[in-house]
Structures are given as structure tokens and as C-alpha cells.
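Please open the model in your viewer and keep the sequence panel beside it. The stops below suggest what to select next and say what is to be found there.

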2 protein chains.
Amino acid sequence: MTTDAFLADCRARLAFDLLSNTWNAVVLWALREGPYRHGELRERIGGISSKVLTETLRRLEFNGLVDRQAHPGAPPRVAYELTPLGRTLLVPIDTIGAWAFAHGDEVMAAQERASGLQ
Amino acid sequence: MTTDAFLADCRARLAFDLLSNTWNAVVLWALREGPYRHGELRERIGGISSKVLTETLRRLEFNGLVDRQAHPGAPPRVAYELTPLGRTLLVPIDTIGAWAFAHGDEVMAAQERASGLQ
DNA sequence: CAGCATCCCGGCAGATACTG
DNA sequence: CAGTATCTGCCGGGATGCTG
């Protein structure tokens, strides 16, 4: 098992905290096909406010997962791109997504069962 | 790509929400080696309060990931065990942990770099 | 266009004390 | 032993409005 010293190890927490935010994984995933600008990202994602998108990008940048390129001038042009490190995180994200597609209905069924019998 | 319709799909969110809680994944992981009782789990995990452990177990049970067996009598004996569904979720959890072990130091280095230059 | 400044709210999680 | 009952603080995230 690769992660046997899991419980006490803070390093594992690191990855979970990265994926624990509502939007981190979504933005990372949306960026997988190349640089996008702020507005493009908002469109592609849908349902995220401008403020929250900026916060998320700042967080990802802080953790070395996203690279921010500001081309100066007016109007402002800012592009965001995955770093190589950020790109490696797409693997776990995809694994989670795959699990959801395989077992999502089982979870929902369990939820309804549990709700039903109070 | 298995999860191309990721952004709009609520099913993917399901899995992320499951792993977004601070303790869900930890408790799931702690349960991977068979049934444990409330007190045993607390010991094995460390740093979790009784109340929060109960809440977490209730949540996991609600989602069909954990099975709760109460053997009546005094003193009370309650054991928790992974369901087959819960066991499948160990795979993504392990993937995340493996990523953390492989790239955790890169993230920490990036954080220090970002903190350093203000 | 990109993004800060505010205000606000709900829910996770910790600490503490109590019960069958 | 395995919980429940409170009280509390914190932070993510939404809404709105303003700026260079």
C-alpha cells in the first residue's frame, strides 16, 4: 500500500485540502486544455462568480498548480495555464470522477434508502 | 477521457463532496482493515473528537459507505465496517495519497516560494 | 476586462459537559 | 462504552457594487 502511514501524515492532508475546496478541482479540470482567460473560464465552468474564480486561481497559483500570465496594456489580458505540477493532479481528479460515474447511482440509492426510513 | 462532461455533471460533485469533509476519507481509510469499534477508531485515528467521529460515521453510513452493527446489551458494543461500495472508494483515496507522496514536497516548495516573495 | 471591497450566511469542526 | 447536547469560532462561498 502506497499510503500506509496515512492517518498521521500531514503530507496526505495536503492533497486532500487541495481537492476539498468546492472549486479547485473544477477549475483545474477546466484548464486541462490549455490557457484560458478569466472570462473564458467563467463561461466554460458556469455557476461560478468572478470573485470566487479569482480566489480559486490565486489559491492554485499559490500552490504551484497554475501559472498566471498578465499581458500588460489596456484592456487587460490575463491568461491562466496549468503548470506541469498542476497537470499531474489531473490524474487523481480523473480517478475521482471515474469513481463517481461508476458508483454515483449506488450512493444516491443509498441516500434515498436512508432518507426513506427516516 | 472518462469524465469529459465534468463541469456541469452533478454526479462528479457527489464524489468530491464525499472527499471534501475533513474526516470522511481519514475514517474510511482507517476502516480498511476490518470492523472497528468507536473507541478503537478514535485511537487509530488520533486527533478526532468523539462527537466529530460519530458525525462522520453517520454521514458515511447515510451514503452507503459504512455499515453500523450494534450488538445490544450493556456495555454497548457498536462496530463499523466498510460496505462493498465504501471499499471501492478506497481506490480514489489511495490515488490521492499516492499523489501527495509523489508531489507533496513540490507543493510545499511552491508555497514557500510564493510566501517568500510576498 | 479583470478584479478588489463589503456584507452576509450556513455549516464544519473543536471544546466541554452530560447520559443510558 | 458509545454516544448526545450546547456553545462557539472560523472560513468558504454567494451577492452586489466599484475601479484601473
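**Where the two chains meet**

Select chain A and chain B together: across their interface the rule finds 7 residue pairs in polar contact, both partners at pLDDT 80 or more, a polar contact being a pair of N or O atoms within 3.5 Å, where within protein one must be able to donate a hydrogen and the other to accept it, and residues adjacent in sequence count only if both atoms are side-chain atoms. This is a predicted model, in which local features need pLDDT of at least 70 and side-chain atom pairs count only at pLDDT 80 or more, while totals for chains, interfaces and linings use all residues. Residues are numbered from 1 along each chain as its sequence is written, chains are lettered from A and ligands numbered from 1 in the order in which they are written, and side-chain values use heavy atoms, with hydrogens and water left out.

Now colour chain B by its helices and strands, which are DSSP runs (helices H or I, at least four residues; strands E, at least two) numbered from the N terminus. On the side that touches chain A, α1 (10-20), α2 (24-30), α3, α5 (84-88) and α6 (90-116) of chain B each supply at least two residues, and α6(B) gives the most, with 20 residues. The contact (heavy atoms within 4.5 Å) takes 50 residues from chain B and 50 residues from chain A.

**Around DNA strand D**

Next, select DNA strand D and the residues near it, meaning those with a heavy atom within 4 Å. The strand is surrounded by 18 residues, and the closest are T22(A), K51(A), R37(B), R68(B) and Y80(B). Of the strand's atoms within 4 Å of the protein, 71% belong to sugar or phosphate, and the rest belong to bases.

Which elements should be highlighted here, as each supplying at least two residues of the surface near DNA strand D? They are α4 (50-62) of chain A, together with α3 (38-45), α4 (50-62) and β3 (77-82) of chain B, and α4(B) gives the most, with 4 residues.

Zoom in on K51(A), where an N or O atom of the side chain is 2.6 Å from a base oxygen of DNA strand D. Then move to S50(B), which has a polar side-chain atom 3.3 Å from a base nitrogen of the strand, and finish at G39(B), where a backbone N or O atom lies 3.0 Å from a phosphate oxygen of DNA strand D.
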